[in-house]
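Visitor: Could you walk me through this one? I have the sequence and the model open.

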Amino acid sequence: MASLTIRKLDEGVKTYLRLRSAKNRRSVEEEVRVILGELIEGREEPLTPFAVPSSAPIAQRSGALPEAGVTLIIGGGIAAYKSLDLIRRLKERRIEVRCVLTKAAQQFVTPLAVSALSHERVYSDLFDPQSEFDAGHIRLARECDLIVVAPATADLMAKMANGHADDLASAILLATNRKVLLAPAMNPLMWNNAATRRNVAQLQRDGMVLIGPNSGEMAEAGEAGVGRMSEAIEIATAAERLLRPPVPRPLAGKRVLITAGPTHEPIDPVRYIANRSSGKQGFAIAAAAQAAGAEVILVSGPVDLSDPPGVTVKHVESARQMLEQVQAALPADIAIFAAAVADWRVANEGVQKLKKTSAGMPPLQLVENPDILATISKLTDQRPPLVIGFAAETEHLIDNAKSKLARKGCDWIVANDVSPATGVMGGDRNTVHLISRKDNEIEVDSWPAMTKEQVAIELVAHVARSVTDKSLNDKAPEPAS
Ligand SMILES: Cc1cc2nc3c(=O)[nH]c(=O)nc-3n(C[C@H](O)[C@H](O)[C@H](O)COP(=O)(O)O)c2cc1C
C-alpha cells in the first residue's frame, strides 16, 4: 500500500488541508482520510471551502492571474454605492479586487453585491474564525499590491491617523506595508472640521495618497461644498498610476542615430575584410535609447542579432554604405557611432573571384575608408548637437581616446579596451571610459565592468541628462550686460 508524505504535497494543497482540518478540528492525516472516504462515497466537497492563502502579492502569485491586486476597503458612507462601480473599473484594468466592508458599510451596500461584482468572498469580521485561523487580516494587508479605501470615512481616517486596529478594516490598514490610496467622502462640515484636517495632514505625513474629495452637491438636501468622493473612474486611474507608474521617457521627441557592428570590405565577390565586432554594444544602446522614448535609427553592419523592437534598422555591408545611410538618416539630435568601421578597403576589388596563379599572391591595395565619425562631427549644417564616438583600442587606451576626441571633433568618446584578453569583442561585458570635454578640460569617467546592456543604459542616462541640461541652458535668460 502506498504511503503519502504531506510535507511533499503542493503548497496550495497543504494550505487547503491545514485550513480544512483546523475547521473540522481534525489532524491533517485524519482530514486526508475523510476526503478520500468522501471521494469513494461520491460525496466530494468543493475544493475551496475558503480562499487558499499565499504570502506573495496577488501580482506575483500566478501568471494566469491579473497583473495587479487591490484590497478595497469600503467604509460606511453614502458614497459606498460608487465603490460597486469602482470594482468594475478596477477589474476592467486587469486589477484583481478583494473587498473588505466595515460594519457601517454594510448599511449602504450588501456583501452579496460586492462579492458578485468582485467574484471573491467579501471580508468584514476581524474575529472570523475561518479567515483569522491564519491571521487573515495580515494576509489581506499584504496579499495585494495596493490598498484602496473608498469611501474613506472621517471615522476610518481618524482611526488610521491614531493607529487604531479594533475592526478588520483598521487592523488591515495598520498591518500593511503596501501603498494606501484614500478616497475621502463626507459632508463638507465634517471635511473642514479641525479634527479631520489634523487627521488628513497626519495621514499625508504618513505617506498615504489622497484622491479628492471633489466639490459639489451633497446627498443631504441643499448642501454643497468639498466632500464628494471622487468618481470611480478617477479613483481607478489613480490606483492604476500607483500600481503601474509611467516609465520615464527622457528622450521622448529626440531622434537618435546609432551605428553598430563591423563592416565588410569586399576583396572580390566572395571574400571580404572584416573585424570581430558583434554589434552587441550598439544594439544594446539602440534598445536603451528606444526604451527612453527616442526615435531610433540603427545603421548596422553584418551581425548575427535580431533587430531591436521599435527601432528602424538599416542593414549595410561596407563603410561607404554605412556613411550613405547615416547621411540619409540626418538630421538627428544625437549620433552615437558604435560601429567598428574598417579603416581601409581594397582599392582594386576583384569583379570576379580572384584565382590562385603561379604568379603568386594577388597584390591587394588598400585605400582609406570614409571616416564616418569625423565626417558627421565636422558638418556645419546638419551636425547633430551631440556626437559620440567609440574608440576600440588595444593599447594606450585613454591617451589614444583623448587624441581621437580632439582629432575627430566629436563631443564624447566611449573608450574600451578590446585586447583579446578582455573578451570585449563578441563578449557580453564591457569596461568603458567616457571621455568628454568640460570647460576646455578633458574629463575621463571610468565605469566598472558591466554587461553591455548596463553600459547602454548608463550611456543613455548620461545622454538624457546632457540633453536636459542643454535644453535648460538654452532656456536660461541672457546675462545682463
Ligand atoms: C446615512 C448616513 C450617511 C453617512 N455618510 C457618511 C459619509 O459620507 N462620510 C462619513 O465619513 N461618514 C458618514 N456617516 C457616518 C459613518 O457611517 C459613521 O461614522 C460610521 O461609524 C463609519 O464607520 P466606518 O468608518 O467603520 O465605516 C454616515 C452615517 C449615516 C447614518
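Guide: We can go through a helix, the cores and the sheets in turn, keeping in mind that this is a predicted model.

Visitor: Let's start with α13, then. What should its twelve residues span, and what do the end C-alpha atoms say?

Guide: Helix α13 covers residues 280-291, and at 1.5 Å a residue it should span 16 Å; its end C-alpha atoms are 16 Å apart, so the two values agree.

Visitor: Is it mostly covered or exposed?

Guide: It is mostly covered, with eleven of the twelve residues of α13 buried; among them are Phe283, Ile285 and Ala289, and also Lys280 and Gln290. Just after the helix, Gly293 takes a positive phi of about 100 degrees.

Visitor: Which residues have the most contacts inside the largest nonpolar core?

Guide: That core has 61 residues, and those with the most contacts inside it are Val256, Ile258, Ile285 and Ala289. There is also a second, separate core of 56 residues, which includes Ile95, Val109, Val200 and Ala232.

Visitor: Back to Ile258: what is it in contact with, leaving aside neighbours within four places in sequence?

Guide: Ile258 is in contact with Gly282, Ile285, Ala286 and Ala289, and in addition with Val296, Leu298, Ile336 and Ala338.

Visitor: Now the sheets. What is the strand order in the one with eight strands?

Guide: The order is β12-β11-β8-β13-β16-β17-β19-β20, in an open sheet whose pairing is mixed. At the edges stand β12 (312-315) and β20 (441-446), each with a single partner strand, so one side of each is left without a neighbour in the sheet. Direction ignored, neighbouring strands of this sheet are turned by 15 degrees against each other on average.

Visitor: And which helices pack on it?

Guide: One of them is α13, which touches β8 (255-260), β11 (295-300) and β13 (334-337), its direction making about 165 degrees with that of β8. Helix α14 (residues 319-329) also packs on the sheet, where it touches β8, β11 and β12, and its direction makes about 165 degrees with that of β11.

Visitor: How do β17 and β19 pair, parallel or antiparallel?

Guide: Strand β17 (residues 412-417) pairs with strand β19 (residues 432-438) in the antiparallel sense, over five bridges, and the bridge partner of Ala415 in β19 is His433.

Visitor: What about the sheet with five strands?

Guide: That is an open sheet with parallel pairing, in the order β2-β1-β3-β4-β5; its edge strands, β2 (95-101) and β5 (209-210), each pair on one side only. Two bridges join β4 (residues 179-184) to β5, and Leu181 has Val209 as its bridge partner in β5.

How values were computed:
Residues numbered from 1 in each chain as written. Predicted model: local features only at pLDDT ≥ 70, side-chain atom pairs only at ≥ 80, totals over all residues. Helix = DSSP H or I, 4+ residues; strand = E, 2+ residues; numbered from the N terminus. Expected span 1.5 Å × (residues − 1). Buried ≥ 20, exposed ≤ 12 C-beta atoms within 10 Å, placed from the backbone. Core = buried A, V, L, I, M, F, W, Y, C linked by C-beta atoms within 7 Å. Contact = placed C-beta atoms within 7 Å. Pairing = 2+ DSSP bridges. Axes fitted to C-alpha atoms, helices over the stretch in contact; angles between N-to-C directions.
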